[in-house]
Amino acid sequence: MIRNILSTILVFFCLFLSGSVMASQQQPTNRVFVVLINHFSLEDVKQMESMEKGQWLHEGVVGAMNLRTAAEISDWNNLITMSSGTRAVGQAKAAEAYMGNELVGQTFAKHLYQQLVGVEGNDRSIYLPSFHQLVDNNRNQPYTIRPGLLGDQLQQQGLHTYVIGNSDKGEDVARFAPALVMNSRGAVDAGDISDRVNRMDPQKVYGMTTDYSYILEQLETHDEASLLVIELGDLYRLYSMKNAMNGDHFAKMKDQILAEMNAFIGSLVERRTEDDMILVLSPMVHSDAQAIKSMMSPFVHIGPHRGEGILYTATTRQAGVVANVDVAPTILQWLGIPIPGEITGRTISVVQGNQSFWKDWEEIKHIYSTRSKVLYGYVTFQVAVLLVAAAFWFLAKPSHPLYRTINGILRFLLLVITLSPFLFLILPSFPMIQQANLTIIFLLVLGTALSAAVIRLPFPWLFLVISLLNWIPILLDGIGWQSSLMKRSYLGYDPIIGARYYGIGNEYMGVVIGSSILSLAMLLEITKKHMAIVKGVAMGVFGLYLIFFSLPGWGTNAGGALTAVAAYSTSFIRLFDIRLNGRYIFWGMLSLVVALSSLFLINMMAADQVQSHIGRAMEKLAQGNWAEIGQIIERKLSMNWKLIGVSSWSKVFITSLLVLGLLCYRPAGMIRRLSEKYPYAVRGFFGIIVGAFTALAVNDSGIVAAATTIIYMVVPLLFLGLKEKMEEA
């Protein structure tokens, strides 16, 4: 009896286990389809949306993808960057990818691969025989790069990759997709990149076109793959022949190709299930897009959101803006695979929001296309005014009949220089100003109007008002408005360059350090009898900005935090004439330790989606990854040295130092006389110069911060010198 009961239980248990296994085997698995279109632009996406059969775009969310790599912007550098999840370097010979049963010269690709790599190949896999050159190109970069990381992660989880399509130009092999999903040995599980994916078409360039029907058929028969990459090469082929084609015929052929891609992607979207994610992206934009400065490629995300929402990634923290390093982690997350530490990108998600991506994109493109002209004009203006004002102060004779007029004009222009950062910050509030020349004229007119409104104020009141105008709006914008003004300012971010996407950049960091110290110095000049109150205000302002620079959700600028510690502590000691003794040194060192520890802990403990680049660096430090930290420091020093040599901000900094040297030594005793009349102003200048040189030393673009900091010492000093000399005349 007992034996029968046990047997029955055992049978039911076995049936239950087998049912569970079958259920798990039948459970649908997430898949990712990547439609890779080289030489594809955001303007093409917008055109496709308005064409017949462009309705598939309403199922997706469109964004702009930054193309920055470890070298110049190119399709191959971007492909390896997307594949490895960190900025990398590519290799054009990676285009020479072959199926195992394809001949490379007189040798089958699988045999060539075995000869070069030492691993036996097969007919159905795809191989990149020159893969080792990719590894060599990335070995000497100042951080860890693993080409093939994406493919490795899938293989380790037992998932398969599949690639179909090519961009061959006649007999010239051009196959981009395998580089995106290859493993660390330069191989892809399976696919078809042979000439079977194209069909003959005498009307198309090279007499060939993509066989969309064949590709759709093959995708239906390879549902075992988790990551499928479809390369559409017609647009790349067309642009490779553009210079040899009639312009009208080129436009007609491009419209036809876009219509065909519309129909194909529409069919792909119709076939997708809830477990499928489709990404449409491009490793490089075409020459037409480059000509209009449209230097971000399209990223279309098609998933369960059904076209509602906006793209977001913690890499950029900007709606609709993603980075090439985000492609790999986004794919891995959808497939449920852990994201390895070597990946610096973050996952791209669709969040709720009603921002107009196309409006934002036009603003980004406008800032990028006009930035160099506007900023070069601004820098040239600064250098010219400083040099002319210094020469006039040193050489002009007060007895000349035009002396007072020219002196007044120069002081007027000096005020415009110090007001310019504020004007650049509020400029996005005037979207009707589009042309670079009009922008420069508008800034000069507005700066002139503001200068005229305040120039008659006494010296301390004048520079108190100007300095407050510079640092208070930046603080309000960063804390209360998510840097909405700085995001579209010429002195703010540039998503296309990708140097900084959020927080406070070094341009405005220098403005904040210099102007906040100057404002406290001027406040002391005005209220000498209320030292205790001003000291409390100083501690509040300095402490608030130190927190602002440190927090990952606000300023997130480690160099700014270190600069603030040096500049603010020096200024505090000088402004309040603190005599250093054991007690002050103890409390000062304790405050420094607490501040730096807080910076460390706040950034370390931040959630992954808000953790900044500072937090990730500190995470590596906590893990004892000293090699990686050393590489980060080396990279930042190298960048700073490079910028010192090529940046126009170097001219501002060097000119400021020359003017400062002239003011300090000729005529003898001028600084002493000024310090007797305006003691707190001169003490504040000392803190500003400490901040400028600290910013130069601890930031990867320190020359920028140093130049914008020192202006708040040199301009007031030169203004005061001219004013004093005119009053003596």
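**A mixed sheet and the elements around it**

In this predicted model, eight strands come together as an open sheet, and reading across it gives the order 9-7-12-1-13-14-2-16, with pairing that is mixed. Strand 9 (190-192) and strand 16 (321-323) stand at the edges, and because each has a single partner strand, one side of each is left without a neighbour in the sheet. Neighbouring strands of this sheet are not lined up exactly, since on average they are turned by 20° against each other when direction is ignored. As general background, the strands of a sheet pair through backbone hydrogen bonds, and they may do this either parallel or antiparallel.

One pairing can be followed at the edge of the sheet, where strand 7 and strand 9 run parallel and are joined by three bridges. Within this pairing, tyrosine 162 has alanine 190 of strand 9 as its bridge partner.

If the reader continues along the chain from strand 7 (161-164), a loop leads on to helix 7 (177-181), and serine 167 is found in that loop. Is serine 167 buried or exposed? Its relative accessible area is 0%, and serine 167 is therefore buried, given that the word applies to anything under 20%. Leaving aside residues up to four places away in sequence, serine 167 touches Ala174, Phe176, Glu231, Leu232, Gly233, Tyr236 and Arg237.

Returning to the sheet, we find helix 10 lying across strand 1 (31-36), strand 12 (227-231), strand 13 (276-281) and strand 14 (297-302), and with respect to strand 13 the helix runs at about 160°. Helix 10 (residues 247-271) also meets helix 2 (residues 42-50), for the axes of these two helices come within 10 Å and cross at roughly 70°. An angle from 65 to 115 degrees counts as roughly perpendicular, and helix 2 and helix 10 are therefore described in that way. Helix 2 contributes Asp44, Gln47 and Met48 to the contact, while helix 10 contributes Lys254, Asp255, Leu258, Met261 and Asn262. Sorted by character, the residues of this contact between helix 2 and helix 10 comprise three nonpolar, two polar and three charged.

Stepping back to the whole chain, its secondary structure comes to 26 helices and 17 strands. The chain has 729 residues, of which 54% count as buried, and its accessible surface comes to about 31,500 Å², with 61% of this belonging to carbon and sulfur atoms. Among the contacts in the chain with a separation of 6 or more, 77% are between residues 24 or more positions apart.

Technical notes: Residues numbered from 1 in each chain as written. Predicted model: local features only at pLDDT ≥ 70, side-chain atom pairs only at ≥ 80, totals over all residues. Heavy atoms only, no water. Axes fitted to C-alpha atoms, helices over the stretch in contact; angles between N-to-C directions. Helix = DSSP H or I, 4+ residues; strand = E, 2+ residues; numbered from the N terminus. Parallel < 35°, antiparallel > 145°, perpendicular 65-115°, else oblique. Contact = heavy atoms within 4.5 Å. Nonpolar A, V, L, I, M, F, W, Y, C, P; charged D, E, K, R; others polar. Buried < 20%, exposed > 50% of the residue type's maximum accessible area, 1.4 Å probe, protein only. Areas by Shrake-Rupley, 256 points an atom, 1.4 Å probe, with all protein chains shown as cover. Pairing = 2+ DSSP bridges.
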